[in-house]
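Biologist: I'd like a close look at the salt bridges in this one, with whatever else is going on around them. Could you walk me through it once it's on screen?

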There are 2 protein chains.
Amino acid sequence: MFSKSCEYAIKAVIHLCIETKDGSRLSIAEIAEAIDSPEPFTAKILQTLVRHDIISSAKGPGGGFYIDHHSKPVFVIEIIDVIDGKHAFERCGLGLKECNEKRPCPIHNEFASYSRKLKRLLETKTIQDLAKGIISGKAFLSNT
Amino acid sequence: MFSKSCEYAIKAVIHLCIETKDGSRLSIAEIAEAIDSPEPFTAKILQTLVRHDIISSAKGPGGGFYIDHHSKPVFVIEIIDVIDGKHAFERCGLGLKECNEKRPCPIHNEFASYSRKLKRLLETKTIQDLAKGIISGKAFLSNT
DNA sequence: AGAATAAAGGATGCAATTATCCTTTTTTAA
DNA sequence: TTAAAAAAGGATAATTGCATCCTTTATTCT
């Protein structure tokens with residue numbers, strides 16, 4: 001469904017959302033540990049998210065990553081767009097370039113309603129919504 | 001959504017279904033050409049489908065691949081199971097190993113209802129159903 | 001039986017995604 | 001103003017999915 005990068009990205013932002021409510025910051029190491037991801041790879045993803053203004057970062061001692069709770073909430077789709085590209089959802093089930101409403105591939109109609117709904121969901125759901133449903137951030141975001 | 005192999009497999013079986021109704025057979029070259037896929041790679045996929053009894057093949061002159069229209073219809077999910085594995089649908093949206101109903105990941109519930117529906121659809125839909133909806137096999141299965 | 005045809009299967013190459021390493025830049029604090 | 005902390009960024013490695021090549025086996029037809 002999504003790339004590994006995208007999975008890490010979503011997990012990381014949820015984690016940040018929960019842990020930096022109080023204005024504190026998290027280092028790459030802390031995030032990677034919490035979401036069970038390789039540290040240097042996670043660093044790259046976090047950088048991308050910062051560049052696209054989805055999360056914030058501060059260099060130097062006491063620095064780290066955080067999300068600014070005064071700015072607008074983060075829609076899940078924003079992360080997907082930035083990491084996996086805008087067209088992650090528009091792809092035809094059979095990978096046909098020329099598949100569309102007028103000239104649908106054999107399973108176009110079967111897929112279309114499914115992916116449309118899922119996309120709409122991710123367009124309306126925010127990371128903040130997801131964070132609310134989590135009791136213990138660590139437990140639910142790690143793999144072990 | 002599905003792997004390239006799986007896309008080719010679905011297209012190939014649809015094409016076979018349409019073109020071998022009369023008991024004729026198609027060579028790898030003919031299939032690859034029709035569905036716009038690399039020939040040797042397609043050969044591998046067809047082999048796998050034969051091994052799993054989804055399609056049939058005959059060696060030697062006049063041989064090729066075909067689907068036996070006297071045997072039971074092919075459910076789309078069968079192809080997916082064989083090529084991408086049985087768990088292609090059970091994977092959690094965030095790639096967590098330990099995500100399940102009892103211990104759902106943040107987006108588990110959001111995904112579950114949709115992938116359940118899609119899975120059910122592919123469990124009931126047959127290649128024969130899909131073939132019916134196609135007027136010109138070539139035109140709809142190739143990329144160009 | 002022998003030649004031609006076509007799939008089967010093993011071994012290998014290539015490219016994208018995933019992951020790692022190392023150096024540079026910025027910031028804080030002593 | 002120097003040392004340490006921490007992210008940023010460039011270069012490189014490993015893994016995996018995708019694709020190709022070549023030899024072998026089975027079948028048909030002459």
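How many salt bridges does a search of the whole structure find over all chains?

Modeller: The search comes back with six over all chains, a salt bridge being a Lys or Arg side-chain nitrogen within 4 Å of an Asp or Glu carboxyl oxygen. Before the details, keep in mind that this is a predicted model, where local features need pLDDT of at least 70 and side-chain atom pairs 80 or more, while totals for chains, interfaces and linings use all residues. Residues count from 1 along each chain as written, chains are lettered from A and ligands numbered from 1 in written order, and side-chain values use heavy atoms, without hydrogens or water.

Let's start in helix α5 of chain A. K119(A) and E123(A) both sit in that helix, four residues apart, or about one turn (helices are DSSP runs of H or I with at least four residues, strands are E runs of at least two, numbered from the N terminus). Their side chains meet in a salt bridge, at 3.9 Å from N to O. K119(A) is partly exposed at 25% relative accessibility, and E123(A) is partly exposed too, at 36% (buried is under 20%, exposed over 50%, partly exposed in between, with a 1.4 Å probe and protein chains only).

Now hop over to chain B. K119(B) forms a salt bridge with E123(B), and the closest N and O atoms there are 3.9 Å apart. Both residues belong to helix α5 of chain B, and since they are four residues apart, about one helical turn separates them. For the surface picture, K119(B) counts as partly exposed with 25% relative accessibility, and E123(B) as partly exposed with 36%.

Another of the bridges in chain B links K86(B) to D81(B), with 3.6 Å between the closest N and O atoms. K86(B) is exposed, at 57% relative accessibility.

Helix α5 has more charge to show you. R116(A), K117(A), R120(A), R116(B), K117(B) and R120(B) gather in a surface patch of positive charge. Helix α5 (108-124) of chain A and α5 (108-124) of chain B each supply at least two residues of that patch, and R120(B), for one, has its place in α5 of chain B. In case you want the rules: patch residues have over 30% relative accessible area and no salt bridge, with like charges joined within 9 Å and nonpolar side chains (Val, Leu, Ile, Met, Phe, Trp, Tyr) within 5 Å. Areas are Shrake-Rupley with a 1.4 Å probe, only the protein chains shown counting as cover for residues. Lys and Arg are positive, Asp and Glu negative, with His and chain ends not counted; each charge is placed at NZ of Lys, CZ of Arg, CG of Asp or CD of Glu.

There's a negative counterpart on chain A: E19(A), D22(A), E30(A), E33(A) and D36(A) gather in a surface patch of negative charge. E19(A) belongs to helix α1 (residues 4-19) of chain A and is partly exposed, with a relative accessible area of 35%.

D36(B), over in chain B, is worth a click for its backbone. Although D36(B) is not a glycine, its phi is positive, about 65°. You'll find D36(B) in the loop between α2 and α3 (39-51) of chain B, partly exposed at 33% relative accessibility. D53(B) has a positive phi as well, near 65°, and is likewise a residue other than glycine. Its place is the loop between α3 and β1 (56-58) of chain B, and D53(B) is exposed, at 69% relative accessibility.

While you're around α2 of chain B, check I28(B), which lies in that helix (residues 28-35) and is partly exposed at 26%. I28(B) and P40(B) are twelve residues apart in sequence, with 8.2 Å from C-alpha to C-alpha.

As for cross-links, the count of disulfides is zero over all chains, taking a disulfide as two cysteine sulfur atoms within 2.5 Å. Among the cysteines, C17(A) is buried at 3% relative accessible area, and C6(B) is buried at 0%.

Zooming out, chain A has seven helices and two strands, running α-α-α-β-β-α-α-α-α along the sequence. Of its 144 residues, 45% are buried.
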